[in-house]
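Work through the following exercises with the structure open, and attempt each task before reading its solution.

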Amino acid sequence: MGLPGRPKSENRSAQHEGAPVSPAGRSKDQHHDAHHEGGPAGVNSDVATTVRGVPEPGELPELSLKRLGGQGPDALLLHGFGSDSLSWIVNQPALEGVAQLYALDLPGHGASHHDVGDGHVATLAERVADALDRRGLKRLHLIGHSLGGGIALLLAQSRPDLVASLVLIAPAGLGHAVDPNFLAAYPSLRSAIETEALLRQLVQQPRLIGRTLVARVVEQLERPHARTALRTVADGLARSSAALVDAAAAVAASDLPRLVVWGGNDRINPLSVERLTRFGGESHIAPDVGHLPHVEAPRLVNAEIVRFLRQVHGG
């Protein structure tokens, strides 16, 4: 549940206006261009690496894991459905002040391989864990949005050695439920009209859904295998409810530091106060914000995450 990217000029203004800027899937060459032409500040393309296998010519790497930069403990950014690692561009500068940031593209997204297995959230979590193991990364602060938040929950349950704390933004597994109609419709988007109408459900600020953004979504969905991969992930997410509930319960019973941020007007994964209360930890509800608090209210969300990480890390 994310948004695709914008060209160079719009990326620069988006950092000041909170607009969505991440492509739902860029080719390797496009990622290289982004690092040099308006991509996230501090990204070094030399450290953007594939962590499994050598892709055949014309294929995307299976899992793209990038070190973005920063100072402090390691933190990993996990994006939402239909998005990619560049979705954090308006958060990266603030977070780099308190953490060494890593970001990856989930299977079937961005520069990662289209093979998503059965699409179940547990399967995606296993692949993320494999990527981290191959890089020798341990005890990361996981910052996950929507689908990425659900993956973070499962990692905290199944691989506690990888997790120092959780920052969950509108996470799958803690809300009432991710809108199945949205999940089903997104991979099938083709026309600009239907794409704009669906994307506007993500936000409370319609100006964030512009023509360039709409065109980018359709363009990225036209990549070979992109629609099939996203349909599989959407179906897998729908089948992951029980696993996510169990993971949330396991984390709730632990002393793992955790912060949950939610948009008060989230229509894609509406807040469940009951579930959030049972989950415990810290929480912040952003008023007049939809499913993308880190995009619609980046200053507020950045401040909450920075405060939390400093508190947890003792800095």
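**Exercise 1.** In this predicted model, determine how the axes of helix α4 (residues 121-135) and α5 cross, and which residues make the contact.

*Solution.* Begin with the axes, which come within 9 Å and cross at roughly 75°. Angles of 65 to 115 degrees count as roughly perpendicular, and α4 and α5 are therefore roughly perpendicular to each other. Next, list the contact, to which α4 contributes V121, A122, L124, A125, V128 and A129, while α5 contributes L147, G150, I151, L154 and L155. Finally, sort the residues of this contact of α4 with α5, which gives 10 nonpolar, one polar and no charged.

**Exercise 2.** Describe how α5 and helix α10 (residues 241-252) cross, and name the residues that make the contact.

*Solution.* The axes of α5 and α10 come within 8 Å and cross at roughly 55°, which makes α5 oblique to α10. In handedness, the crossing of α5 past α10 is left-handed. The contact is made on the α5 side by G150, L153, L154, A156 and Q157, and on the α10 side by A243, L244, D246, A247, A248, A250 and V251. Sorted by class, the residues of the contact of α5 with α10 comprise nine nonpolar, two polar and one charged.

**Exercise 3.** Establish the span of α5 (residues 147-158) and which of its residues are buried.

*Solution.* From first C-alpha to last, the 12 residues of α5 reach 17 Å, close to the 16 Å expected at 1.5 Å a residue. Taking buried as under 20% relative accessible area, the buried residues of α5 are L147, G148, G149, G150, I151, A152, L153, L154, L155 and A156. Because 10 of the 12 residues are buried, α5 is largely enclosed by the rest of the structure.

Technical notes:
Residues numbered from 1 in each chain as written. Predicted model: local features only at pLDDT ≥ 70, side-chain atom pairs only at ≥ 80, totals over all residues. Heavy atoms only, no water. Helix = DSSP H or I, 4+ residues; strand = E, 2+ residues; numbered from the N terminus. Expected span 1.5 Å × (residues − 1). Buried < 20%, exposed > 50% of the residue type's maximum accessible area, 1.4 Å probe, protein only. Axes fitted to C-alpha atoms, helices over the stretch in contact; angles between N-to-C directions. Parallel < 35°, antiparallel > 145°, perpendicular 65-115°, else oblique. Left-handed = near helix turned anticlockwise from the far one by under 90°. Contact = heavy atoms within 4.5 Å. Nonpolar A, V, L, I, M, F, W, Y, C, P; charged D, E, K, R; others polar.
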